[in-house]
Each structure stands twice: as structure tokens, then as C-alpha cells.
Amino acid sequence: MLKEFNALPTLPLIGNAHLIFSKAEDRIKKLLELNSQYTTPFVFWFSYIPIVCVNKYKDIQVISNKSKMRDTLGTFKSIFGDGIILALPEKWKRTRKVINTAFNPVMLQQYLIVFNEQSEILCRKLSAEANTGKIIDMWQYLCDINLDIVIENMAGIKLNIQENGQNEFSKLLMLSLKLESSRFYQIWLYPDIIYRAYLRLTGHKDLYKTLYKFTKKVIETKMKEYQIQKQKMLCDSSQTEEKPLRTLIDLLLRIDDDNPDFTEQQIQEEIISMIAAGSETTALSTAFTLLMLAIHEDAQEKVYEEIQMVFKNDRYVQMDDLNQMKFLEQCIKETLRMFTLIPITFRRATEDITLNDNKIIPANCLIAIGYHGVHVDPDIYPNPYIWDPKRFSEINEISAFVPFGLGSRACVGSKYAMFSTKTQLIHILRKYRIMTNITIEEVEINVDLLIRKKGGYPIKFLYRKNDER
Ligand code: HEM
């Protein structure tokens with residue numbers, strides 16, 4: 001059935017895999033280049049595995065409505081287990097319903113407190129660098145704050161990574177994500193037995209066990225707190241109200257004890273999945289937007305004027321404020337368009353899927369969805385390589401905007417991510433004027449599974465007001 005599709009010329013055994021043989025971080029970049037060289041849909045043979053590549057918005061709409069199964073060819077399973085990211089459709093449906101409630105407006109309001117607290121700490125740390133003339137790479141700062149934020153909001157614990165540095169858990173999480181990303185491209189590491197041997201040889205034998213030991217401890221502590229609270233309520237009739245939910249873990253622990261989807265193991269997998277999905281992504285959205293605003297000083301001044309209009313002093317950011325920061329939102333959206341953080345995602349067709357030109361992707365086939373391709377399609381976004389936040393002003397109606405994916409398996413944390421990014425940026429930009437020593441032409445990207453900038457995010461900080469020195 002795949003004969004209907006254009007296919008790239010193949011070599012024996014390796015198919016088209018040689019086309020993406022390069023340094024690990026450049027492999028998806030090569031795939032992205034292929035996506036723009038050939039009209040999609042086309043078939044890419046990853047050795048013996050055929051992948052239908054699609055980057056036309058209309059085809060992606062069809063696929064994301066039909067295929068609810070994400071597929072990473074067995075990689076990442078050791079980190080995410082059966083958690084929401086890799087759950088098969090039946091189980092995923094039940095999990096997603098519960099996790100959606102962790103992002104309702106009441107919970108978002110709670111998360112906002114943490115966004116504010118941690119942003120204040122970041123600004124305090126940056127004051128050591130302000131007005132020194134030094135250009136610093138923002139990556140580690142933003143990685144640390146976003147780990148602190150997501151770990152506190154999802155797992156209910158304060159690790160203070162910003163102040164104390166990375167701890168064992170965060171280091172192991174980052175390392176395991178890196179290892180799994182590179183395994184994805186190394187087909188010979190797919191069999192678990194070989195991968196385990198590889199981990200032993202590279203000194204990472206107990207990596208996943210140690211990672212899970214940490215979450216187990218957190219869950220046991222939280223479980224005890226919850227049992228004590230329940231006991232108190234039973235003994236003291238004046239205490240009739242449960243503590244309000246503040247974190248994802250609070251929510252998962254309160255789900256009916258008999259629910260087979262939320263055993264202790266399952267809760268661990270959900271928490272790790274959410275921390276992994278929500279840390280580097282938000283760090284990158286803040287990093288790229290900061291850099292764009294440092295390069296485009298006129299846009300930065302416009303954001304600063306907006307901040308001054310909404311905030312009369314340096315108080316905490318409230319939900320209403322976020323809704324008023326329209327131009328800042330345009331800048332973040334334009335950044336997420338130009339630097340589509342998850343440029344490609346992989347789905348397995350669970351049924352035959354008929355595309356717009358009547359070609360059929362057969363059931364069971366692997367599909368590469370190129371979200372990045374949509375964002376640089378000149379028919380949708382004229383001059384796509386120019387950063388122009390005006391594209392997202394209210395007069396322009398844009399529907400083909402997919403930084404958070406499309407369909408029912410799209411990002412569950414999209415609002416959370418926008419609110420977190422906005423809050424961090426408001427705190428930084430109202431205190432500091434930012435500058436950089438690079439131009440937009442010098443921004444080169446690296447891709448593993450996420451888009452990153454080569455050489456970090458160089459920023460110089462100057463106090464906005466003299467009395468803040
Ligand atoms: C700017 C930041 C973020 C971006 C650009 C982003 C992007 C995405 C994209 C594109 C997908 C869908 C991939 C697909 O179609 O297969 C996705 C899924 C997901 N994201 Fe995000 N994300 C961000 C932040 C977050 C945050 C903060 C969280 C949680 C705290 C989160 C949790 C998830 C989860 C759990 C999924 C899987 C959903 C499912 O399968 O039902 N993301 N994200």
C-alpha cells in the first residue's frame with residue numbers, strides 16, 4: 001500500500017538511514033531538511049522500518065484526529081513507563097481525563113504562586129551579573145528555575161536547585177533523557193538486552209532504578225502526609241474540609257485507592273513523565289524568547305511599556321495580568337513558531353488513514369508528523385524566517401499554529417507553559433534591560449528531539465532603574 005507514496009531512493013539494508021547519519025544532535029535537523037526538500041507525504045526507510053513523513057497542515061489535522069498512539073519504537077519506555085506520554089490509547093484516555101483536571105483554572109492559580117516565587121529568586125541571582133558588562137549564557141539559569149517550578153508543582157517538593165545546584169534526581173533525569181534521545185537514532189540499541197549491556201558498559205547500570213527510587217521516596221512521604229490528614233479529619237469533627245489541591249501528586253493520591261490505573265508505580269511514572277515533559281520545554285521557550293527580545297530591542301521596549309501599563313509596581317503577577325499582556329504573548333508565540341521546540345513527533349496508525357489526496361496510510365504504519373514544516377510553510381507564514389510578532393496580532397487570524405501539537409494527544413500543559421514563560425519574562429524584563437552580542441542570522445539550531453540553540457543563549461543585563469543597583 002505504501003507504493004502510492006513517493007519514496008526516497010534506498011540503499012540495501014540501511015534504506016535511507018544514511019541520509020541522517022551525522023552527529024547525534026544533527027539527525028532531526030537532517031530529517032527537517034529532507035522534509036523541506038521533498039514534497040510530503042513521502043516514505044523514509046529507517047533501515048527496515050518505513051516511516052510516512054507528513055508536514056502539510058491539512059494532512060496533520062487528519063492524522064492527529066485519527067491516530068491517538070504515540071510511538072518511540074520502544075525508546076523512552078525505561079523513563080516514562082506507561083505514563084501519559086507513552087500510554088496506549090485505552091489507558092491513555094483514562095489517564096488524560098485525570099491529568100486534564102490538574103490544569104484547570106483553580107490549579108493554575110496555585111501554580112502561579114510558584115512561578116512568581118521562583119522568578120523572584122532568578123532575578124535575585126541575575127543581580128550579581130547586572131551592570132557588570134558581562135554576557136552570560138542563560139541556559140543553566142533557565143534549566144534550574146524550570147526544574148524547580150515543575151518539580152514543586154507536579155511532585156509537591158521544593159528542591160531549591162536554583163540556590164543549591166542540581167541534585168542527583170535532576171542530574172539523572174537529564175542524563176536519562178539524553179541517553180534515550182540518542183538511542184532513538186541507534187537502531188542497534190533497540191533490543192532491551194543490548195541497551196542494558198550498553199548501559200552497563202558506559203557505567204549507567206542503575207540509572208533508571210536510582211531515578212525511580214527518588215520518586216518512590218517522594219510518593220511515600222506524600223502518602224504519609226495524606227494519611228495523617230485523613231486520620232485528623234476522622235478524629236476531629238471540626239476539621240471537615242480537605243486541604244486544597246496544590247499539586248499533581250495531591251490530585252493523584254486522592255484518586256480512589258482501588259483505581260487500577262493509579263497504583264504507586266503508575267503515580268511515579270506519571271510524575272516523572274510530567275517533570276520531563278514540562279522542564280526543558282519551558283526553559284527553552286523562555287530562553288528563545290529572551291534572546292529574540294534582546295536581538296529585537298524595539299519589541300523589547302514595547303513589552304516593557306506593556307508591563308508598565310499593567311503593573312504599577314513590582315508586585316506578584318496575577319492571572320488577570322497574564323491575560324492583559326497581549327504583545328508579550330505575541331512575542332512568545334512568534335518565537336514558538338520560528339523555533340518549534342518539538343519539531344517532529346511520531347505516531348503509529350491504529351487504523352487506515354486516508355489523507356487529503358486520497359492516499360492511504362495503512363494501519364500499523366509509523367508516521368513522522370513535522371510540526372516545524374507547518375510553521376515555515378510560506379503559504380501560511382510569508383517570509384517564515386523573519387521574526388515578526390505582528391503575525392499574531394488580533395487582526396490576523398491564524399489557525400495553523402501547532403507548537404503544542406494538534407488533536408487529542410496535543411500538549412496537556414500548553415496553558416501552564418504559556419503562563420510560566422510569561423511570568424518569568426515579566427519578572428526579568430521589568431527589572432532588566434537585556435542585550436546580546438549576536439544577530440538573528442547567527443542563531444544556529446541543534447536538534448535532538450527538542451530544538452536548541454548552538455552555543456547557548458548569550459544575554460547581558462542592565463538595571464532598568466538606578467535605585468535597583
Ligand atoms: C513551551 C513548552 C511546551 C511545548 C512547546 C510543548 C509541546 C508539546 C507537544 C508538541 C506535544 C505533542 C506531541 C505530539 O503531538 O505527539 C506535547 C505533549 C505533551 N506535553 Fe507538552 N509542551 C510544553 C510544555 C509542557 C508542560 C509544561 C507540560 C507539563 C507540565 C507538558 C506535558 C505534556 C504531556 C504530558 C504531553 C503528552 C500528552 C498526551 O499524550 O496526552 N508540556 N507537548
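## A walk through the sheets, the helices and the ligand shell

Phe-42 stands opposite Cys-53 in S3. That pair is a good place to enter this predicted model. From here the path runs across one sheet, over to a second, then into three helices and the ligand.

Start with the strands around that pair. Strand S2 covers residues 42-46 and strand S3 covers residues 49-54. The two run antiparallel and are joined by 5 bridges. One step along, Val-43 faces Val-52 in S3. In the hairpin, 2 residues lie between the strands. Ser-47 takes a positive phi there, near 55 degrees.

What joins S3 to strand S9? The link is 4 bridges, and here the strands run parallel. S9 spans residues 366-370. Ile-51 of S3 sits opposite Leu-366 in S9. Both kinds of pairing are familiar. Strands of a sheet pair through backbone hydrogen bonds, in either the parallel or the antiparallel sense.

Carry on from S9 to S6. These two strands pair in the antiparallel sense, over 5 bridges. Arg-347 stands opposite Ile-367 in S9. Strand S6 itself holds residues 344-348. Next comes S4, which is joined to S6 by 2 bridges and runs antiparallel to S6. Arg-347 appears again at this border, where Arg-70 stands opposite Arg-347 in S6. Arg-347 thus has Ile-367 opposite in S9 and Arg-70 opposite in S4.

Now put the whole sheet together. It is an open sheet of 6 strands, in the order S1-S2-S3-S9-S6-S4, with mixed pairing. The edges are strand S1 (6-7) and strand S4 (69-70), each of which pairs on one side only.

A second sheet is also open. It has 3 strands in the order S5-S13-S10, and the pairing is antiparallel. Its edge strands are S5 (135-137) and S10 (432-435), each pairing on one side only. From one strand to the next, the twist averages 40 degrees. S10 and strand S13 (residues 458-463) share 4 bridges in the antiparallel sense. Within that pairing, Ile-434 stands opposite Phe-461 in S13.

Turn to the helices. Three of them, H12, H15 and H17, pack against one another in pairs. Take H12 and H15 to begin with. Their axes come within 9 Å and cross at roughly 110 degrees. An angle from 65 to 115 degrees counts as roughly perpendicular, and H12 and H15 are therefore roughly perpendicular to each other. H12 brings Ser-285, Phe-288, Thr-289, Met-292 and Leu-293 to the contact, and H15 brings Cys-331, Ile-332, Thr-335 and Leu-336. By class, that contact has 6 nonpolar residues, 3 polar and no charged.

H15 (residues 326-338) also meets H17. Here the axes come within 11 Å and cross at roughly 115 degrees. H15 and H17 are therefore roughly perpendicular to each other too. The crossing is right-handed. On the H15 side, the contact uses Leu-328, Glu-329 and Ile-332; on the H17 side, it uses Met-418, Thr-421, Lys-422 and Leu-425. This contact divides into 4 nonpolar, 1 polar and 2 charged residues. Ile-332 of H15 thus takes part in the contact with H12 and in the contact with H17.

Is H12 parallel or oblique to H17? The two pack at an angle of about 45 degrees, with their axes 9 Å apart. That makes H12 oblique to H17. H12 passes H17 in a right-handed crossing. From H12 come Thr-281, Thr-282, Ser-285, Thr-286, Thr-289 and Leu-290. They meet Ala-417, Ser-420, Thr-421, Gln-424, Leu-425 and Ile-428 of H17. The classes here are 4 nonpolar, 8 polar and no charged. Ser-285 and Thr-289 of H12 serve this contact and the one with H15. On H17, Thr-421 and Leu-425 meet H12 and also H15.

The last stop is the ligand. Which residues come closest? They are Ala-277, Gly-278, Gly-405, Cys-411 and Gly-413, out of 25 residues that surround the ligand. Two elements give two or more residues to this shell: helix H12 (264-295) and helix H17 (414-431). H12 supplies the largest share, 7 residues. By class, the shell holds 14 nonpolar, 8 polar and 3 charged residues. H12 and H17, which pack obliquely on each other, thus both contribute to the surroundings of the ligand.

Notes:
Residues are numbered from 1 along each chain as its sequence is written. This is a predicted model: local features need pLDDT of at least 70, side-chain atom pairs count only at pLDDT 80 or more; totals for chains, interfaces and linings use all residues. A residue is near a molecule or strand if its C-beta atom, placed from the backbone, lies within 6 Å of it. Ala, Val, Leu, Ile, Met, Phe, Trp, Tyr, Cys and Pro count as nonpolar, Asp, Glu, Lys and Arg as charged, and the others, Gly among them, as polar. Two strands pair if DSSP finds at least two bridges between them. Axes are lines fitted to C-alpha atoms, for helices over the stretch in contact, and angles run from 0 to 180 degrees between N-to-C directions. Angles under 35 degrees count as roughly parallel, over 145 as roughly antiparallel, 65 to 115 as roughly perpendicular and the rest as oblique. A crossing is left-handed if the near helix is turned anticlockwise from the far one by less than a right angle, and right-handed if clockwise. Two residues are in contact if their C-beta atoms, placed from the backbone, lie within 7 Å.
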